[in-house]
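User: Please take a close look at how one pair of helices packs in this model. I would like a single connected explanation.

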Amino acid sequence: MYRNYQNLPYIHWNAQTVLVSVLALFIYTGNFLIAGTIWFILLKDYGAKIEWKETLRIISVSQFGKYLPGNIGQHVGRVVLANEKEVPIITTLQTLFIESAILAIAGISISVLGFFFYSFQSFHDSRIVIIQLIVLALVALFLPKFFFFIVNRYAKGRLLKFTGGVQLRIPKLFALIQVSVLYIITFFNIGIVLDLIAKNIFEYPDSNIFLLTTAFAWSWILGYLTPGAPAGLGIREAIIVASLSSQYEPGIAIGLSVILRFITTIGDGAVFLIASYYKKIHQTLK
């Protein structure tokens, strides 16, 4: 990346590029609305009593914790904030476990399809990558049910003491389908953001939304699974550049990864501040 940094195309900042940047930022922050809806669907399935606007606020505040080392800050924050709204800790933990599994399956599914449709020259043998992704998807698919079964059966005493008699379970099928579709939409939203940047800021002539969605999904998986990388920092950018090298010039590929990082960071910060301000105003009105 450093070697090709000097090849970054010159960006002609004008009304159009600024407008496109703002639009890309709005599309990205729209994923927070989807994330809040996903969590609301799962919480309702588990019987939690909480309003949609509260799930959105908690998601918006806690998500900024992903920039802390370890990739767990956002999860810890959500558990703490949800508990303040009388959502049982065990319920929040179950939703986090299910969310992670479905998100991984959605991202892997998009990645596998992308490897079938596109030739990623930076990866010497796509077949090995596809097999590894399929294995990872199967693990994500069956791990929650297996884990819940083991805990319910062999740790029943401690479980009942911790949960107050509620057994761990998988959400209903309809809820799982809703969540899966919404997560796929979030990945494609990022693909749309990257396509907007490529066409309007770097003046790339063709639209490649699915290719860009695949590159992001693949980079997200590796960034998410890399321990200690805050928000996949560095890992995600490197994978995006490697994935797009067969379609885009190195400078454009690097530019896409850098601008996407700027957009996601600014979006995360803006949503965090708005949600925090909303909480402050809400408490003042009370």
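Analyst:

**Two helices and their contact**

Helices α1 and α2 are oblique to each other. This is a predicted model. The angle decides the word: the axes of α1, residues 15–45, and α2, residues 52–62, cross at roughly 120°, and oblique is the term because that angle falls outside the ranges for roughly parallel, roughly perpendicular and roughly antiparallel, the perpendicular range being 65 to 115 degrees and the antiparallel one over 145. The two axes come within 8 Å, and the crossing of α1 with α2 is right-handed.

Next, the residues that meet. On the α1 side they are F32, L33, A35, G36, T37, W39, F40 and L43. Their partners in α2 are W52, T55, L56, I58, I59 and S60. Sorted by type, the residues of this contact comprise 10 nonpolar and 4 polar ones, with no charged residue.

Another helix also bears on residues numbered within the α1 range. N189 belongs to α7, which spans residues 173–200. Setting aside residues up to four places away in sequence, N189 touches I27, N31 and I34. N189 has a relative accessible area of 15%, so it counts as buried, the limit being under 20%.

Helix α7 has a further part to play in the account. The largest nonpolar core holds 74 residues, and F187, I197, L244, Y248 and L256 have the most contacts inside it. To this core α7 gives the most, with 12 residues. Apart from neighbours within four places in sequence, F187 is in contact with L103, A106, G107, I110, T213, F216, A217 and W220.

Key:
Residues numbered from 1 in each chain as written. Predicted model: local features only at pLDDT ≥ 70, side-chain atom pairs only at ≥ 80, totals over all residues. Heavy atoms only, no water. Axes fitted to C-alpha atoms, helices over the stretch in contact; angles between N-to-C directions. Helix = DSSP H or I, 4+ residues; strand = E, 2+ residues; numbered from the N terminus. Parallel < 35°, antiparallel > 145°, perpendicular 65-115°, else oblique. Left-handed = near helix turned anticlockwise from the far one by under 90°. Contact = heavy atoms within 4.5 Å. Nonpolar A, V, L, I, M, F, W, Y, C, P; charged D, E, K, R; others polar. Buried < 20%, exposed > 50% of the residue type's maximum accessible area, 1.4 Å probe, protein only. Core = buried A, V, L, I, M, F, W, Y, C linked by side-chain atoms within 4.5 Å.
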